[in-house]
Amino acid sequence: MTLSGKRILLIIGGGIAAYKALDLIRRLRERGVVVRVVMTAAAQEFVTTLSAGALSADHVFTDLFDRNDEHDVGHIRLSREAGLVVVAPATADLMAKLANGHANDLASTVLLATDKQVLMAPAMNPKMWSHPATRRNRATLQKDGVAFVGPAKGEMAESNEAGEGRMAEPLEIVAAIEALLAISPKPLAGRKIIVTSGPTHEPIDPVRYIANRSSGKQGHAIAAALARLGADVRLVSGPVGIADPADVTTQHVETANEMKDAVEQLLPADAAVFVAAVADWRSETSAGEKIKKVAGEGPPALQMIENPDILAGVGHHRKRPSLVVGFAAETQDLVSNAEAKLAKKGADFIVANDVSHEGGVMGGDRNKVRIVSKAGVDEWPEMSKDEVATRLAALIAERLKTVVV
Ligand SMILES: Cc1cc2nc3c(=O)[nH]c(=O)nc-3n(C[C@H](O)[C@H](O)[C@H](O)COP(=O)(O)O)c2cc1C
């Protein structure tokens, strides 16, 4: 896949990372991309239109109402002529504007008027990034189909500030652009893919349950990435605190047994990706009423029994999908455990992640995985869960290419 000849509209927001947007223009131009630049008024406080114009070899657009500008092409044409709209740095302000449908300057109007995929590379102070308002806006934008790259954790430009909010590096943004543009042919159109995500809750009584720390972020991101490639995605999700992904049919379940039934009802399918952290065991009985704490009696003894193994069940099912992918969350002997799982479960490949990884994979936004298959072990660098999802979806599309619909 080459970017040569692709047209990208780059919107530069007003943050310190605007200087990195200049490098991004350079990197894209090196790859033969035609880059058109829009800068917000705040962006021009950080870098000049002169620099952006020199690097893009084009006029830089800044004003919604500039009818005298000989280069004026209008916000609608600007928003439609590109194959992809990239916002880097995406300020908290630009995210808030698009999430809420504001259009009061050229950048926000273009973003609202475009019919093209939007990719945002947020950059801001960690407090701004973790603010509930920004988190809400991000969730809304994701639901609306906006793709994200970064931000990363690290030192901020402001002294004595560290945390999550650094803009992704220009080459990471280029990789995200490549992944998104490869998506446009929709290689998974006509393919039905089942994805499971999140934890399961195994009841002890009406108010208590056994669960695990899975947030559903990775599974939901994979469902969204597969849908972006055109797949008909059926997501079976355990209880999670995140929104259903855009363009995906989501079914909510609570227990491992419910997840198993839901998955089996969805067969046949072309592929199945088992990301959910299904509880291995459940309490044999679930009390109809809340178990009372009785003084002097001590805690109740829980008799645990094994839950069904959904991955192995589908891996050996008579309606087995052509491609079965399992996840193995391990804290030790990652690869040997994944290899053992591969054979036992009838999976084509296992995505092994070390959940003891620093920063906590479960619940976190980043992941470091190894793809274990009969062909060997492919170690991927640490990246965001969205990036893992995009790469995995591309891998699944590649593998399914050889399977006739
Ligand atoms: C020195 C300085 C650095 C800033 N850095 C950021 C930043 O990294 N991210 C951000 O969202 N806002 C940052 N801001 C605030 C934005 O510039 C401000 O919200 C502005 O209105 C954004 O406008 P825009 O979204 O139209 O570009 C910064 C402001 C100043 C003065």
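This is a short group-meeting talk on one predicted model.

Okay, hi everyone. Keep in mind throughout that we're looking at a prediction.

Let's start with the sheet. It's an open one with 8 strands, and if you walk across it you go E13, E12, E9, E14, E17, E18, E20, E21, with mixed pairing. The edges are strand E13, at 249-252, and strand E21, at 376-379, and each of those pairs on one side only. On average, neighbouring strands in this sheet are turned by 15° against each other, if you ignore direction.

Quick reminder for anyone who doesn't do this daily: strands in a sheet pair through backbone hydrogen bonds, either parallel or antiparallel. So which sense do E18 and E20 use? Strand E18, residues 349-354, and strand E20, residues 369-373, pair antiparallel, over 5 bridges. If you want one spot to click on, take Val351, whose bridge partner in E20 is Ile371.

Now, what lies across strands E9, E12 and E14? That's helix H10, residues 217-228. The strands under discussion there are E9 at 192-197, E12 at 232-237 and E14 at 271-274, and H10 runs at about 165° to E9.

Next up, backbone oddities. Most residues other than glycine have a negative phi, and most peptide bonds are trans. We have exceptions to both.

On the peptide side, there's a cis bond joining Ala88 and Pro89, with omega about -5°. Pro89 sits in strand E4, residues 84-90. Another cis bond joins Leu267 and Pro268, and there omega is about 5°. Pro268 is in a loop, the one between helix H11 (256-266) and E14, so to speak on the way into that sheet strand we just met.

On the phi side, look at Ala57: its phi is near 55°, so positive, and it isn't a glycine. You'll find Ala57 in the loop between helix H3 (49-56) and strand E3 (60-61). Is Ala57 buried or exposed? Exposed, because just 10 other C-beta atoms lie within 10 Å, and the cut-off for exposed is 12 or fewer.

Last bit, the ligand. Which residues come nearest to it? Out of 15 around the ligand, those are Gly14, Gly15, Thr40, Ala42 and Thr91. Helix H5, residues 92-99, gives the largest share of that shell, with 3 residues. And in terms of chemistry, the shell splits into 9 nonpolar, 5 polar and 1 charged.

That's me done, thanks.

Definitions and conventions:
Residues numbered from 1 in each chain as written. Predicted model: local features only at pLDDT ≥ 70, side-chain atom pairs only at ≥ 80, totals over all residues. Pairing = 2+ DSSP bridges. Helix = DSSP H or I, 4+ residues; strand = E, 2+ residues; numbered from the N terminus. Axes fitted to C-alpha atoms, helices over the stretch in contact; angles between N-to-C directions. Contact = placed C-beta atoms within 7 Å. Buried ≥ 20, exposed ≤ 12 C-beta atoms within 10 Å, placed from the backbone. Near = placed C-beta within 6 Å. Nonpolar A, V, L, I, M, F, W, Y, C, P; charged D, E, K, R; others polar.
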